[in-house]
Amino acid sequence: MIYLDNAATTKPCEAAIAAVTEMMTENFGNPSSLHRAGLDAQLAMDKARKIIASALGADSSNIIFTSGATESSNLAIRGACAAYGRKRRKIVASSVEHASVDETLTAMEKSGFEIVRVSPRGDGKFYPVDFLNACDDNTVLLTMMQVNNETGHILPVKETFATVKRKFPEIITHSDCVQAFMKLNISAKTLNADLISLSGHKVHAPKGVGALYIKKGIRVLPLVTGGKQEKGIRSGTESVPLICGFGAAVESLRPTIASRYDHAAELKNALVDAVSGIDGVTVNSPEDSSPYIVNLSAAGKRSEIILHYLESFGIYVSSGSACSKGQQSGVLGQFGIHGKSADSALRVSFCEDTTVEEIKIFAEKLHEGINSVRG
Ligand code: PLP
């Protein structure tokens, strides 16, 4: 198998599997229990919380565990608007957010909030001043992802949040950092973010676990009420095995952020090089994108057809965003990729295990596929 779909999900690493196993076999207590088994589970979870917080340049007290980034972003947006949005009724967002944010905004619109989606300019870039101009005294929240999951575009979150906070310090800032965490150097402080969504399964941890960073002093009302776990912000017995798997994965990735980035950049260059010789193939990701994600258009051939052709050789890529199950999300259009170019878009995404050799095989089979399939 040549797995080139790491933006959809990653293979759990050995450290994560070992931690999950340990917490399901030896250390299976309920962290809320007052006895030793409960305390041991609590200590293991505290360790994971500390590792994840520290990877974000934050304190353990800032981290709330969730079932994944979809829940984190729902909690961030709905919870912050419940806390601060009684009088301020406008939310500003980038126009290329993942469905977990964008669909939440659509739901908020139905409940009476005004949503302003800021698009990139003709050059495909977002400008902080465009977000500033969209904000006013009625704005409660600004949400902007760090790395786009379909194209790898890096959005100017740090600059935008700083610009907006300077004029409107009361606006709550949220960033979906799912595709940036453990790949780019991000820190909660330098991002100027009040809220940050993270997902475990994009960083070699299991599926079904995520985290929400909440800056000290920022209020987020709970979506789920109950036993007051996670400081009452997210009730329900914590999934200790998954949380510890998340912690173990982050711990093992942390020392290699720089070298893994360089490796991804090498893979991106190799891919761009290899497809440059194929007639009609265009690379949609900009030069300065996250090197982990490359979006390209396969000479007008429908994405699914090429995807399944590649699959027949054990090569796995994605058509657009895996989260939208092949449905076009509109994100490519926002970046100026329309018509046949959008219909033939493929997303290739890497991890540290991906090799240049695999990229060459992918390019060879892509070339073959374009020449041999119809449609
Ligand atoms: N945000 C981005 C940018 C993503 O790529 C994804 C998953 O594809 C999510 C959010 C959703 O994460 P989860 O699967 O943990 O809910």
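Here is a short conversation about the sheets and helices of this predicted model.

Me: Happy to start with the open sheet: which strands stand at the edges?
Reply: The sheet is built from 7 strands with mixed pairing, in the order 2-8-7-6-5-3-4. An edge strand has a single partner strand, so one side is left without a neighbour in the sheet. The strands in that position are strand 2 (63-66) and strand 4 (114-118).

Me: And by what angle are neighbouring strands of this sheet turned against each other on average?
Reply: The sheet in question is the open one with the order 2-8-7-6-5-3-4. With direction ignored, the average turn between its neighbouring strands is 20°.

Me: Let's look inside that sheet: which residue stands opposite Thr143 in strand 6?
Reply: Strand 5 covers residues 139-143 and strand 6 covers residues 172-176. The two pair in the parallel sense, over 3 bridges. Within strand 6, the residue opposite Thr143 is His174.

Me: Which helix packs on the sheet there, and what angle does its direction make with that of strand 6?
Reply: The helix is helix 6, residues 157-167, and it touches both strand 5 and strand 6. Its direction and that of strand 6 make an angle of about 170°.

Me: Good, now to helix 10 and helix 13: how are they oriented to each other?
Reply: Helix 10 (residues 303-311) and helix 13 (residues 356-372) pack with their axes 10 Å apart, at an angle of about 125°. Angles of 65 to 115 degrees count as roughly perpendicular and those over 145 as roughly antiparallel. The crossing of the two helices is right-handed. Helix 10 and helix 13 are therefore oblique.

Me: What kinds of residues make up that contact, and how many of each?
Reply: From helix 10 come Ile306, Tyr309 and Leu310, and among their partners in helix 13 are Phe362, Leu366 and Ile370. Helix 13 also brings Lys365 and Glu368 to the contact, along with Gly369 and Ser372. The residues divide into 2 charged, 2 polar and 6 nonpolar.

Me: Staying with Ser372, is this residue buried, partly exposed or exposed?
Reply: Ser372 lies in helix 13, and its C-alpha atom is separated by 9.5 Å from that of Tyr309, 63 residues away along the chain. Buried would need under 20% relative accessible area and exposed over 50%. Ser372 has a value of 48%, so the residue is partly exposed.

Me: Elsewhere, how many residues of strand 12 are buried?
Reply: Side chains in a regular strand alternate between the two faces of the sheet. On one side of strand 12, Ala345, Arg347 and Ser349 are buried, and on the other Leu346 and Val348 are too. For strand 12 (residues 345-349), the number buried is 5 of 5.

Me: Which residue stands opposite Ile293 in strand 12?
Reply: Strand 10 (residues 293-298) pairs with strand 12 in the antiparallel sense, over 5 bridges. Strand 10 is mostly covered, with 6 of its 6 residues buried. Ile293 shares one side of strand 10 with Asn295 and Ser297. Opposite Ile293, in strand 12, stands Ser349.

Me: Last one: which residue of strand 10 stands opposite Val283?
Reply: Strand 9 (residues 281-283) and strand 10 are paired over 3 bridges, in the antiparallel sense. Val283 has as its opposite in strand 10 the residue Leu296.

How values were computed
Residues numbered from 1 in each chain as written. Predicted model: local features only at pLDDT ≥ 70, side-chain atom pairs only at ≥ 80, totals over all residues. Heavy atoms only, no water. Pairing = 2+ DSSP bridges. Helix = DSSP H or I, 4+ residues; strand = E, 2+ residues; numbered from the N terminus. Axes fitted to C-alpha atoms, helices over the stretch in contact; angles between N-to-C directions. Contact = heavy atoms within 4.5 Å. Parallel < 35°, antiparallel > 145°, perpendicular 65-115°, else oblique. Left-handed = near helix turned anticlockwise from the far one by under 90°. Nonpolar A, V, L, I, M, F, W, Y, C, P; charged D, E, K, R; others polar. Buried < 20%, exposed > 50% of the residue type's maximum accessible area, 1.4 Å probe, protein only.
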